[in-house]
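Okay, thanks everyone for coming. I'd like to walk you through one model today, so let me put it up on the screen.

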Number of protein chains: 2
Amino acid sequence: MQLGHFREQAVGGGKRERTRAALLDAAVKVVAEKGMEALKISDVTTAAELANGTFYNHFTDKNEMLREAANGIALAISRQLDAEMVGIKDAPTRVVKATASFIDIVLRELDWAAIMLAGAAHVHQLNDDVAAYLRSDLKLGVDQGKFDVKLDRFLIQQIVALIVVTITTQMADGPDRRLTHQACENILRLLGLSPAKARKIVTTALHPS
Amino acid sequence: MQLGHFREQAVGGGKRERTRAALLDAAVKVVAEKGMEALKISDVTTAAELANGTFYNHFTDKNEMLREAANGIALAISRQLDAEMVGIKDAPTRVVKATASFIDIVLRELDWAAIMLAGAAHVHQLNDDVAAYLRSDLKLGVDQGKFDVKLDRFLIQQIVALIVVTITTQMADGPDRRLTHQACENILRLLGLSPAKARKIVTTALHPS
DNA sequence: CTCATTTTTGAGAAATCCCTCATTTATGGG
DNA sequence: CCCATAAATGAGGGATTTCTCAAAAATGAG
């Protein structure tokens, strides 16, 4: 049986923790199917094969649950990104690898994508968490003299927007690595690199062959 | 009395047309105040000073109405853009002026912004309509040899994403012309222009002094 | 002005969903 | 295994919203 992310975290825990995890997994799944706004409490409990009232033993309302689910997913993604980024020093390469990995992870766990994207609008802390990675890599690049930009919140938002579109497009049309590459090139262009240089960095960063 | 956009279109029309327009104006206003998801039929009819049941004489459901409202707004914006763009031949300048004008229009009619942005996700045709302008200007630029890009749907989506973020940011934090300028520069960078050239074009295009 | 037709009205039926709580069931330490 | 405690259950009350429809009002062509 394929356990969801939260239930995997909860093996060995007490009953309380395990049903809580089941609810969170169910929430993620339901959001992926129906979106955040259309989500009903009963959808979640049904998907988790639990009774309706059980929900209220664990969460006070829908938003609390969604926030926790989104934060849990964001944390898991952060962990994976951390692992993949150790030892990379060149800022443009970091940006490209982090972007591509992030998109890869989210598209591999398709259920995660929905809650990350839907959550992005509502759960502001989420957006900030993921953006923190980006910010530090951008700062690195500015300090290295490789990015010709003013580093501010607006810049982050613009880049995040490019990433989000890349994910939603591939959610709709199916995965396509070329779009991810194109998005990375575009981000580097936006950061002030020439088209030629952007292409070169993306190619070497994403084709270690 | 300040008539809304749809009622203005409907002066001189029959009663049916006029109450329909009143409902659409009310819908736009309510979406601006409460968002698309939280919108109730009764909100719309109340705002339009009509009875609840009247709604069903004109629309079968909420989405049909929202789609029509969004399309009407998109058409109005297209008209205004058409008027402002006549005679501009240089592709980069066209892109910059159209982008800046679009953002200006939407932020000036704040009620429009909400339905355009909320609609963008749900009403796909909308996205395409507005994007058609962009597409033709991009084609022009590619033909003129000024843009170093492959013109496809993904490119359009990336650029639209940058514009959308610029609008939402200014809706949240208040209008700031500098952000619009920055967004235009970023779009030109994305299209393959150097940072210096991008800045120069934006400056001359948006400061006719 | 007249009146057949169109349009609006608003009360209430139907549907949906949230949330409570008395009861049943499961848990796990001793 | 026992049993005090923790957790799950799900029927039902309540709140909200959608949608219907018979009756009332408005319209505008002749």
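So, which element gives the most to the surface near DNA strand D? That's H2(A), with three residues. Before I go on, keep in mind that this is a predicted model.

Let's stay with strand D for a moment. There are 18 residues around DNA strand D, and the closest are Arg16(A), Thr19(A), Ala51(A), Gly53(A) and Gly53(B). If you ask which elements give two or more residues to that surface, you get helix H2 (15–34) of chain A together with helix H3 (41–47) of chain B. As for the chemistry, the surface near DNA strand D has four nonpolar, nine polar and five charged residues.

Now over to the other strand. DNA strand C has 19 residues around it, with Gly53(A), Arg16(B), Thr19(B), Ala51(B) and Gly53(B) coming nearest. Here the elements giving two or more residues are helix H3 (41–47) of chain A and helix H2 (15–34) of chain B. H2(B) gives the most to the surface near DNA strand C, with three residues. That surface divides into four nonpolar, nine polar and six charged residues.

Next, how the two chains relate. You can lay chain A on chain B with an RMSD of 0.4 Å, using a turn of 178° and a shift of 0.1 Å along the axis. The two copies are therefore related as by a two-fold rotation axis.

And what about the place where they meet? Of the interface residues of chain A, 100% are also interface residues in chain B, so the copies meet through the same surface.

Key: Residues are numbered from 1 along each chain as its sequence is written. Chains are lettered from A and ligands numbered from 1 in the order in which they are written. This is a predicted model: local features need pLDDT of at least 70, side-chain atom pairs count only at pLDDT 80 or more; totals for chains, interfaces and linings use all residues. A residue is near a molecule or strand if its C-beta atom, placed from the backbone, lies within 6 Å of it. Helices (H or I, at least four residues) and strands (E, at least two) are DSSP runs, numbered from the N terminus. Ala, Val, Leu, Ile, Met, Phe, Trp, Tyr, Cys and Pro count as nonpolar, Asp, Glu, Lys and Arg as charged, and the others, Gly among them, as polar. Copies are superposed by least squares on the C-alpha atoms of residues with pLDDT of at least 70 in both. Two residues are in contact if their C-beta atoms, placed from the backbone, lie within 7 Å.
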